[in-house]
Amino acid sequence: MRPVRIVHLGLGGFFRAHQAWYTGASTDEWGIAAFTGRSATLADALTAQDCRYTLVVRGPSADSFQVQESLVAAHPGSDSATWRSLVALPSVAVVTVTMTEAAYAPSGVVADRLVSGLAARRLAGSGPVAVVSCDNLPGNGEVTSRVVRDLASRLDPALDEWIGANVSFVTTMVDRITPKTTASDVREVESTGGWADAAPVVTEPFTEWVLSGDFPAGRPPWEKAGARFVDDVVPHETRKLLLLNGGHSLLAYAGSARGHDTVAEAVADPVCRGWLDDWWDEACRHVPLPAGELTTYRAALLERFANPRIRHTLAQIASDGSQKIPIRVVPVLRGERAAGRTPTGAARILAAWIDHLRGAGAPISDAGAQPYIERAGSPRDVLALLGPELAEDNELLKAVESSLRAG
Ligand code: CS2
């Protein structure tokens with residue numbers, strides 16, 4: 001069995017389609033021990049099948065089935081003693097995280113787990129380690145470093161100092177569209193893939209991983225599977241966050257309000273498609289990459305969104321808008337206003353989100369939504385929560401109000 005050299009927090013579909021795939025596709029010398037956010041269900045199901053699972057790579061016309069073997073242990077997130085003892089192992093060189101945006105709040109679960117794991121590592125004298133955030137946050141390495149060091153310095157300044165000297169926080173852009181596994185996916189894998197896999201993952205053929213930072217204790221040769229190591233992740237992450245994730249959020253709110261259930265259905269609707277083009281035209285002005293590269297990226301993105309065999313539900317993407325809108329949409333809103341333009345594309349996403357908070361389209365699933373729901377009757381008050389100066393901007397307010405659904 002592969003030795004445990006990576007410990008992961010956030011054992012879900014995306015991690016298994018992305019980092020676990022890159023690891024398995026580049027080496028058989030690095031094993032991953034992964035923890036769920038909390039619950040034991042997936043960890044138990046995987047443990048019962050030796051942590052093997054099928055990755056169904058779903059192209060526009062056919063599926064391929066790949067049994068993944070880089071995962072060697074699966075634990076419930078509630079098992080904090082095992083978490084600490086694994087992060088403290090001298091053989092562990094990398095700790096990766098996929099916990100979604102909300103978990104990076106100050107004193108949130110990411111800070112809490114990493115600080116407790118790193119404290120155990122320091123006590124064990126196991127030396128330097130890299131922490132790699134794989135969530136859709138701009139500057140995810142710096143964000144992780146900030147929340148970890150804030151918490152550590154409050155608990156134990158000596159620990160904070162040790163982290164400063166021994167822990168590298170790597171910044172990454174991650175991309176692979178991975179819908180939630182459904183019961184019919186499980187049945188399909190059983191009948192076509194040949195074994196009763198209780199926890200398969202369905203994903204698209206496209207995948208991308210761009211990383212920047214040091215790995216003081218080594219790392220898998222992920223570049224063999226196509227990962228790119230660069231000096232500056234910002235242009236890549238801005239491209240992905242604004243065009244892909246921002247486009248997703250637009251379709252999730254505006255498309256579900258028009259009666260669509262999936263991304264593929266929404267982009268097939270000419271009205272949604274037009275809105276997506278408006279948004280992309282506007283957002284592209286804020287991505288520091290050559291125009292030709294952005295045109296190619298947009299065309300590829302449209303094909304990915306239109307893949308009719310990927311059932312990526314708008315309800316899944318609509319979740320946690322209070323965490324996503326401020327980083328996917330508001331930067332464009334601000335950039336356009338600073339340039340003296342009216343951001344109709346960004347205003348439309350905001351308006352569609354406000355409609356969603358008022359009950360249109362996909363159901364609300366967002367622990368941070370309450371303050372926004374309370375203000376959803378007044379777009380000005382919603383803007384004030386997103387940034388006090390935005391609420392003073394009457395032209396922006398007009399653009400948002402004119403995009404709201406009638407009635
Ligand atoms: C989506 C992302 O759910 C969402 O908010 O925009 O999960 C998206 O599918 C991934 O970032 C693709 O890499």
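How many residues does the hairpin that joins β3 to β4 run through? I looked this up and found that the hairpin between β3 and β4 passes through four residues. Before going further I noted that helices (H or I, at least four residues) and strands (E, at least two) are DSSP runs, numbered from the N terminus.

**Ground rules.** I am reading a predicted model, in which local features need pLDDT of at least 70, side-chain atom pairs count only at pLDDT 80 or more, and totals for chains, interfaces and linings use all residues. Residues are numbered from 1 along each chain as its sequence is written.

**Confidence.** I checked pLDDT, the predictor's confidence in each residue, from 0 to 100, and found a mean of 97 for the protein chain, with 100% of its residues at 70 or more. Within the protein chain the lowest confidence falls in helix α8 (residues 183-193), with a mean of 91, while the highest is in β7, at 99. I also wrote down the model scores, which are ipTM 0.99 and pTM 0.97.

**Domains.** I then looked at how the protein chain is divided, and found domain 1 (4-231) and domain 2 (235-403), with bounds that come from an automatic or database domain assignment. The centres of the two domains, taken over C-alpha atoms, are 28 Å apart. To their contact domain 1 gives 16 residues and domain 2 gives 20 residues, where two residues are in contact if their C-beta atoms, placed from the backbone, lie within 7 Å. I sorted the side of domain 1 that touches domain 2 by class, and recorded nine nonpolar, two polar and five charged residues. In this sorting Ala, Val, Leu, Ile, Met, Phe, Trp, Tyr, Cys and Pro count as nonpolar, Asp, Glu, Lys and Arg as charged, and the others, Gly among them, as polar.

**The ligand.** Where does the ligand lie with respect to domain 1 and domain 2? Both domains give residues to the shell around the ligand, so the ligand lies between them. The residues that surround the ligand are Asn136, Asp175, Arg176, Ile177, Asn245, His248, Gln316, Ile317 and Lys324, a residue being near a molecule or strand if its C-beta atom, placed from the backbone, lies within 6 Å of it. By class I find two nonpolar, four polar and three charged residues in this shell, and both α9 (234-257) and α13 (314-318) supply at least two residues each.

**The eight-stranded sheet.** I traced an open sheet of eight strands with mixed pairing, in the order β5-β2-β1-β6-β7-β8-β10-β11, where two strands pair if DSSP finds at least two bridges between them. Its edge strands, each pairing on one side only, are β5 (71-75) and β11 (228-229). Strand β1 (residues 4-9) runs parallel to strand β6 (residues 94-97) over four bridges, and there Val7 stands opposite Val95. Helix α4 (residues 80-87) lies across β1, β2 (31-35), β5 and β6, at about 140 degrees to β1; for such values, axes are lines fitted to C-alpha atoms, for helices over the stretch in contact, and angles run from 0 to 180 degrees between N-to-C directions. Further along, β8 and strand β10 (residues 208-212) pair in the antiparallel sense over five bridges, with Asp175 opposite Glu208; Asp175 is also one of the residues around the ligand. Two bridges then join β10 to β11, which run parallel, and I noted Arg228 in β11 as the bridge partner of Val210.

**The three-stranded sheet.** Returning to the hairpin, I found that β3 (residues 53-58) and β4 (residues 63-68) pair in the antiparallel sense over six bridges, with Val57 opposite Ser64 and Thr54 opposite Val67. These strands belong to an open sheet of three, in the order β4-β3-β9, with mixed pairing. Because β4 and β9 (201-203) stand at its edges with a single partner strand each, one side of each is left without a neighbour in the sheet. The twist from one strand to the next averages 25 degrees. On this sheet packs α8, touching β3, β4 and β9, with its direction at about 95 degrees to that of β3.
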